[in-house]
Amino acid sequence: MTAGHNFDPDQPEPKLFSAQLAPHRSLSRTGFLVLMAFLSLVSFGAGLAFWLMGAWPVFGFFGLDILAVYWAFRINFRHARATEEISVTPSELRVRRVSHRGHVVEWVLNPLWVQLDQKCHAEFGIEKLYLVSSGRRVSVARFLGADEKASFAKALTAALQAAKRGPTYNPVV
């Protein structure tokens, strides 16, 4: 019986962890159109009531509220294009962040030297997660809520520990 390992240089490294994060979206495109149609009808009805009472200048202001809601949702949809990809292999931790404008920033760290730092609040739970390595501090999982960050931190910590244990060796018979 000899000890060996199943390392093939042509094979890609196994991923110990992989996550693609994106901001929460409040409505789908169809939901947005339904909401805007409903608000437009309500606004038009209220404006028409004011017009019939003789307060016709108020009618124009009811269009402004629809415009403000439309503008707010368009900004929300634009910001929802942002993503964050985090992957861990035995030899590297890669964070790739794409902003809502398409700007890409990427960090590649050695998982052997990375620590996951958490900023916690007594009442609200985990507020921020940071990857710390060689004096660099990279914020991750900004899109997630406190409970989601806790779950994410647990999974990422397990992957970092697996990377630190090194490759698994199987005896060859």
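Is R94 buried, exposed or partly exposed? Select R94 to start: at 27% relative accessibility, R94 counts as partly exposed. The tour returns to this residue after a look at the whole chain. Keep in mind throughout that this is a predicted model.

**The whole chain**

Show everything as a cartoon. The chain has 3 helices and 9 strands. Followed along the sequence, these elements come in the pattern β-β-α-α-β-β-β-β-β-β-α-β. Of the 173 residues, 27% count as buried. Among the contacts with a separation of 6 or more, 52% are made by residues 24 or more positions apart. If you switch on a surface, it represents an accessible area of about 11800 Å², and 60% of that belongs to carbon and sulfur atoms.

**Strand β2 and its partner β3**

Select β2, residues 17-21, and show its side chains. They alternate along the strand: F17, A19 and L21 point to one face and are buried. S18 and Q20 point to the other face and are not buried.

Now add β3, residues 83-88. β2 and β3 run antiparallel and are joined by 5 bridges. To find one of the pairs, select A19, whose bridge partner in β3 is I86.

**Charged pairs on β3, β4 and β5**

Keep β3 and add β4 (93-98) and β5 (104-109). The chain has 6 salt bridges in total. Three of the pairs can be visited here.

- Select E84 and R97. Their side chains meet in a salt bridge, at 2.9 Å from N to O. E84 is in strand β3 and R97 in strand β4, so the pair ties together parts 13 residues apart in sequence. Both residues are buried.
- Select E85 and R96. These two form a salt bridge with their closest N and O atoms 3.8 Å apart. The pair links E85 in strand β3 with R96 in strand β4, 11 residues apart. E85 is partly exposed, at 30% relative accessibility, and R96 is also partly exposed, with a relative accessible area of 29%.
- Select E106 and R94, the residue from the opening. Their side chains meet in a salt bridge, 2.1 Å from N to O. Because E106 lies in strand β5 and R94 in strand β4, the pair ties together parts that are 12 residues apart in sequence. E106 counts as partly exposed at 37% relative accessibility.

Side chains of opposite charge can pair when their charged atoms come close.

Next, select E85, E92, R94, R96 and E106 together. What links these five residues? They are joined in a network of salt bridges.

**The β7 and β8 hairpin**

Move on to β7 (125-133) and β8 (136-140). These strands pair in the antiparallel sense over 5 bridges. One position to select is L129, whose bridge partner in β8 is V140. The hairpin has 2 residues between the strands, and S134 takes a positive phi near 50 degrees there.

**The nonpolar cores**

Which residues touch the most other members of the largest nonpolar core? Select L131 and F152: of the 25 residues in this core, these two do. The elements that give two or more residues to the core are β2, β3, β4, β5, β7, β8 and α3 (146-165). The largest share, 6 residues, comes from α3.

Centre the view on L131 and show what surrounds it. Apart from its neighbours within four places in sequence, L131 is in contact with L93, V95, L109, V114, Q115, L116, R136, R137, V138, V140 and L156. V140 is thus in contact with L131 and is the bridge partner of L129.

A second, separate core of 5 residues can be picked out too; F32, M36, I66 and F77 are among its members. In soluble globular proteins, nonpolar side chains tend to be buried together.

**A nonpolar patch on the surface**

For the last stop, turn the surface back on and select F44, L48, W51, L52 and W56. What do these residues make? They form a nonpolar surface patch of about 620 Å². Within this selection, look at W56, which is found in the loop between α1 (29-52) and α2 (57-79). W56 is exposed, with a relative accessible area of 58%.

Note on methods:
Residues numbered from 1 in each chain as written. Predicted model: local features only at pLDDT ≥ 70, side-chain atom pairs only at ≥ 80, totals over all residues. Heavy atoms only, no water. Patch = residues over 30% accessible without salt bridge, like charges linked within 9 Å, V, L, I, M, F, W, Y side chains within 5 Å. Areas by Shrake-Rupley, 256 points an atom, 1.4 Å probe, with all protein chains shown as cover. Salt bridge = Lys/Arg side-chain N within 4 Å of Asp/Glu carboxyl O. Helix = DSSP H or I, 4+ residues; strand = E, 2+ residues; numbered from the N terminus. Buried < 20%, exposed > 50% of the residue type's maximum accessible area, 1.4 Å probe, protein only. Core = buried A, V, L, I, M, F, W, Y, C linked by side-chain atoms within 4.5 Å. Contact = heavy atoms within 4.5 Å. Pairing = 2+ DSSP bridges.
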